[in-house]
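Colleague: I should be grateful for a close look at a single part of the model shown below. Please place that part in its wider setting once the local picture is clear.

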Amino acid sequence: MQTLTKRTRLLLSAVGLVIFFGAWEASVQSGLLPSGMVPAPSSLWQAWRDELHGGFWQQSILDSLSHYCLGLLVGSVLGALLGLLCGMVAVVDGLLEGVVRLLRPVPGLAWVPFAILWFGLNTAGATFVIAISVFWINFYAAYAAVRGVDPEFYELAAAFGHGGFWGRLFKVVLPASAPGLMAGLRTGLGQGWMSVVAAELFGVPGIGARMMQASSLLATDVVVVYMLTMALLYALTDFLFGFVRTYVLRWQP
């Protein structure tokens with residue numbers, strides 16, 4: 001399989017975006033796509049400026065970031081911890097297996113009614129929905145990473161006096177499963193942003209709520225502005241997480 005340099009991939013990615021937006025603009029301008037239903041890319045700049053000057057864009061980002069970051073933190077930490085525990089302790093794994101199989105298929109959107117009942121129309125409810133969505137990704141990433149650790153590492157750790165639970169955790173499990181944990185955290189970053197809209201459907205201020213308001217007014221250009229905003233925010237968080245991953249896995253060749 002042919003491999004490409006990083007610079008070449010970036011260049012091709014930029015060319016692909018230019019082709020995508022160019023085809024989109026041409027389709028709207030030619031009438032192939034109805035302008036009332038699909039906004040042209042050239043109209044997005046003015047829509048963004050209007051949102052920016054009105055203060056809606058900045059405030060929506062700040063509101064969404066508040067429950068996104070908290071939900072991401074809670075869901076990632078709890079999911080990773082429980083995944084590590086189930087992967088290391090067979091009794092806990094067996095005890096929770098039925099519960100995991102029961103709850104895992106339930107989508108985050110299904111928890112919205114309970115979030116309203118339990119927390120009300122506030123940031124706590126949105127945080128809960130995001131945390132649920134992120135939880136399972138990190139749980140399975142941590143669980144798979146622990147189960148994939150070579151058993152000989154445990155024997156080697158025991159030979160050096162680290163055969164107990166905490167010794168195995170800090171000397172074997174965490175170092176060996178770090179790449180899997182980082183992969184789960186990175187996937188959770190994207191899933192968290194995908195859950196923001198669902199978490200804000202019931203009126204919690206943020207990007208999702210602003211999109212719903214714009215769609216009710218058929219302001220499709222504003223909707224697309226916030227869609228692109230979420231994409232850019234994910235790209236930024238993913239980029240910043242790359243530095244964290246590089247630091248944590250700096251021991252890798």
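Which residue lies over the face of Phe56, and at what distance from the ring centre?

Modeller: The residue is Arg210, which lies over the face of Phe56 at 4.1 Å from the ring centre. The model is a predicted one, and the values below are computed from it.

Arg210 belongs to α9, where it is buried together with Ile207, Gly208, Ala209, Met211 and Ala214. The partners of these buried residues are α2, α3, α8 and α10, against which they pack. Just beyond the helix comes Leu218, whose phi is positive, near 60°, although this residue is not a glycine. Leu218 is located in the loop that joins α9 to α10. In contrast to the buried residues of α9, Leu218 is exposed, because its relative accessibility is 68% and the cut-off for exposed is over 50%.

The surroundings of α9 lead directly to the interior. Ile207 and Trp193 are the residues with the most contacts inside the largest nonpolar core, which has 37 residues. Two or more residues of this core come from each of α1 (6–29), α2 (44–53), α3 (56–88), α5, α6, α8 (165–199), α9 (207–216) and α10 (220–248). The greatest contribution is that of α10, which supplies eight residues. Such grouping is in keeping with a general tendency: in soluble globular proteins, nonpolar side chains tend to be buried together.

Trp193 shows how these parts meet. Neighbours within four places in sequence aside, Trp193 is in contact with Ile207, and also with Ser64, Leu65, Tyr68, Met230, Leu233, Tyr234 and Thr237. A second core, separate from this one, has eight residues, among them Ala80, Met88, Val146 and Val173.

Polar groups are also found away from solvent. Asp238, a residue of helix α10, is buried, with a relative accessible area of 15%. The side chains of Asp238 and Arg186 make a polar contact at 2.7 Å. Beyond residues up to four places away in sequence, Asp238 touches Arg186 and Leu189. Thr127 in helix α6 is another buried residue, with a relative accessible area of 8%. Its contacts, on the same basis of leaving out residues up to four places away, are with His67, Leu70 and Gly71.

The arrangement at Phe56 may be set beside a second one with an arginine. Arg250 lies over the face of Tyr247, at 4.2 Å from the ring centre.

Rings also meet one another, and the structure holds 19 aromatic pairs. In one of them, Phe20 and Phe21 have ring centres 5.3 Å apart and planes at 75°, so this pair is edge-to-face. Phe21 is partly exposed, at a relative accessible area of 29%. A further edge-to-face pair is formed by Trp118 and Phe128, with 5.6 Å from centre to centre and 75° between the planes. Because Trp118 lies in helix α5 (residues 112–119) and Phe128 in helix α6 (residues 123–147), this pair ties together parts that are 10 residues apart in sequence. Phe128 counts as buried, at 16% relative accessibility. Both residues are members of one aromatic cluster, which is made up of Trp111, Phe114, Trp118, Phe119 and Phe128.

It remains to place α9 within the whole chain. The chain contains 10 helices and zero strands. Its C-alpha trace spans about 70 × 55 × 30 Å along the principal axes. Of the 253 residues in the chain, 37% are buried. Among the contacts with a separation of 6 or more, 71% are between residues 24 or more positions apart. The accessible surface is about 14,900 Å², and carbon and sulfur atoms account for 71% of that area.

In short, Arg210 is a buried residue of α9 that lies over the face of Phe56, in a helix whose buried residues pack against α2, α3, α8 and α10.

Conventions. Residues are numbered from 1 along each chain as its sequence is written. This is a predicted model: local features need pLDDT of at least 70, side-chain atom pairs count only at pLDDT 80 or more; totals for chains, interfaces and linings use all residues. Side-chain values use heavy atoms; hydrogens and water are left out. Rings of Phe, Tyr and Trp (its six-membered ring) pair if their centres lie within 6.5 Å; planes under 30 degrees apart count as stacked, over 60 as edge-to-face and the rest as tilted. Buried means under 20% relative accessible area, exposed over 50%, partly exposed in between (1.4 Å probe, protein chains only). Helices (H or I, at least four residues) and strands (E, at least two) are DSSP runs, numbered from the N terminus. A charge sits over a ring if NZ of Lys or CZ of Arg is within 6 Å of the ring centre and within 35 degrees of the ring normal. A nonpolar core is a set of buried Ala, Val, Leu, Ile, Met, Phe, Trp, Tyr and Cys residues joined through side-chain atoms within 4.5 Å. Contact means heavy atoms within 4.5 Å. Accessible areas come from the Shrake-Rupley method with a 1.4 Å probe; for residues, only the protein chains shown count as cover. A polar contact is a pair of N or O atoms within 3.5 Å; within protein, one must be able to donate a hydrogen and the other to accept it, and residues adjacent in sequence count only if both atoms are side-chain atoms.
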